[in-house]
Amino acid sequence: NTNIRPSSRDPRGIAHSRDAMREDLLRALDTLYHQQDEDARRGADKWLSAFQKSVQAWQVVDSILHDPSSPAEAKYFCALTLRTKCQNELEELPLESIVSLRNSIVQLLLRLQAGDGLIRTQLCLALVAVVSHSSAPSIWDGRNALQWYLSQINAAGGEMAKNATLEFLKILPQEAFSPSSCLRPGRRREFYKEAIMSSVEAVQILAQYCVASSSAREMEKLLEAYASWLKVNQGITINISLISDHPLTKVALQGLEDDSLFDSAVTCTIELIWYCKPDNNGRIPEEHRPLTTRVVAAVVSLHPLLKSTGAHVVEGNNSADVDEEVLKGVASLFAELGDAFMPLVVTGTPEMIPLLEALIDVAAHPNNTVCAMSFQFWQLLSEELLDDQSRCQQSQLQFFQTVFFQTGAVPVLMSGRTRGFRDLEARSEV
């Protein structure tokens, strides 16, 4: 098996041999999950908590995870324990044990079956925790962690390798971007930079998977991973041409009209919106325009859905085709588009009228959660228009007044649901 050995004695005083502790662990889990005696269950829970913090737990959970005969509940508990220890206690292990640990996790990922998704997620989180804590090139055989992982997983091939890779590619950038990761500040910055430097390679790998993928579930995972890499990179090394030509960009925009992909498509499209945003002067670079046109058109095309579902709610129609989560997704897209394109909106260009009309309908929607998604946009816009130092001229103010009156927005914006527009009205009368 593996050789994950602690560098110190167990600080919790659990001094059993590995085999004895393994049996104690299985008994404690059986008591916790299957016994009715509350005192016994509390005792088992206390023992399990102490076990998770013990140094010996490294080898015990590894042994159970590698044993095909271990119960599913024990494997999940051990995967959860391994993830927690990798995130919080990896410094207990010497370098050679960390190398053994990374090999063990990859072996486990390749052995998982189709129904082991929850265990796979915990193991991927554990492996990413090893990556986040371990910058030494010797751990990754002189390569970066992503390159090392791909060399190991691709050599095995098969469906389990693909599932593990998609999960790993989704989690790695998410953890690099997370401020809650248990890392020292200096290492957190290094890990973030390492993820940025791996971004181009990661999205290219996702493109290869996309071309070869056919199932909706796989495409959903690909979109989630793609969105994570776009978010962590923020345009630092991923250029606009790579995004514009990427097959998952097309899948994301088309997925906005596909029920099976809608949620992941919304997440991905939000990241695409911020790659397309204009500069502070409201200008969109020429090389960005083709992608910007596609993204804006895909979002604006959802406006009729927002209006029709709003009408259903007003009429009291609670039919099954009205999905509140879809409403929230559509509203969030318009809100993000408005926030990202604020420098262009305040110029008063007519091409922003469809966006303004959509955000007015979001603000007017009877569902309070949906309505609230537009509040930040209207607050920021009112501040821009009222700011004495703003670039807005009187002609621009007149443009907004005209749009608001023509679209029937004034009662909505003056109703108190969106703040700042009473002051704007007062200023317009001066």
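A residue counts as buried here when its relative accessible area is under 20%. With that in hand, let's walk through this predicted model. Of the 430 residues in the protein chain, 49% fall into the buried class. The chain exposes about 20,200 Å², and carbon and sulfur atoms supply 50% of that area.

What about secondary structure? The protein chain has 23 helices and zero strands. Now look at how the contacts are spread along the sequence. Among contacts with a separation of 6 or more, 72% link residues that sit 24 or more positions apart.

Let's zoom in on helix 7, which runs over residues 145–156. Helix 7 has 12 residues and goes 17 Å from its first C-alpha to its last, close to the 16 Å you'd expect at 1.5 Å a residue. Which of its residues are buried? They are A145, L146, W148, Y149, L150 and I153.

Both ends of this helix are worth a click. At the N-terminal end, N144 acts as the cap: one of its side-chain oxygens lies 3.1 Å from the backbone nitrogen of L146, and L146 is itself on the list of buried residues. At the other end, helix 7 is followed by G157, which has a positive phi, near 65 degrees.

Step back along the chain from N144 and you reach the loop between helix 6 (117–133) and helix 7, where D141 lies. D141 isn't a glycine, yet its phi is positive, at about 55 degrees. Is D141 buried, partly exposed or exposed? Its relative accessible area is 42%, so D141 is partly exposed: buried would need a value under 20%, and exposed one over 50%.

You'll find another case of this backbone angle further on, at Q234. This residue also has a positive phi of about 55 degrees without being a glycine. Q234 sits in a loop as well, the one between helix 10 (216–233) and helix 11 (240–245).

Finally, go to helix 8, which covers residues 158–177 and contains N163. Why does N163 count as buried? Its relative accessibility is 11%, and the cut-off for buried is under 20%. As for its partners, leaving aside residues up to four places away in sequence, N163 touches R120 and K221. R120 falls within helix 6 (117–133), while K221 falls within helix 10 (216–233). So if you display N163 with R120 and K221, you can follow its contacts from helix 8 out to those partners.

Note on methods: Residues numbered from 1 in each chain as written. Predicted model: local features only at pLDDT ≥ 70, side-chain atom pairs only at ≥ 80, totals over all residues. Heavy atoms only, no water. Helix = DSSP H or I, 4+ residues; strand = E, 2+ residues; numbered from the N terminus. Buried < 20%, exposed > 50% of the residue type's maximum accessible area, 1.4 Å probe, protein only. Contact = heavy atoms within 4.5 Å. Areas by Shrake-Rupley, 256 points an atom, 1.4 Å probe, with all protein chains shown as cover. Expected span 1.5 Å × (residues − 1). Polar contact = N/O pair within 3.5 Å; in protein donor to acceptor, adjacent residues only side chain to side chain.
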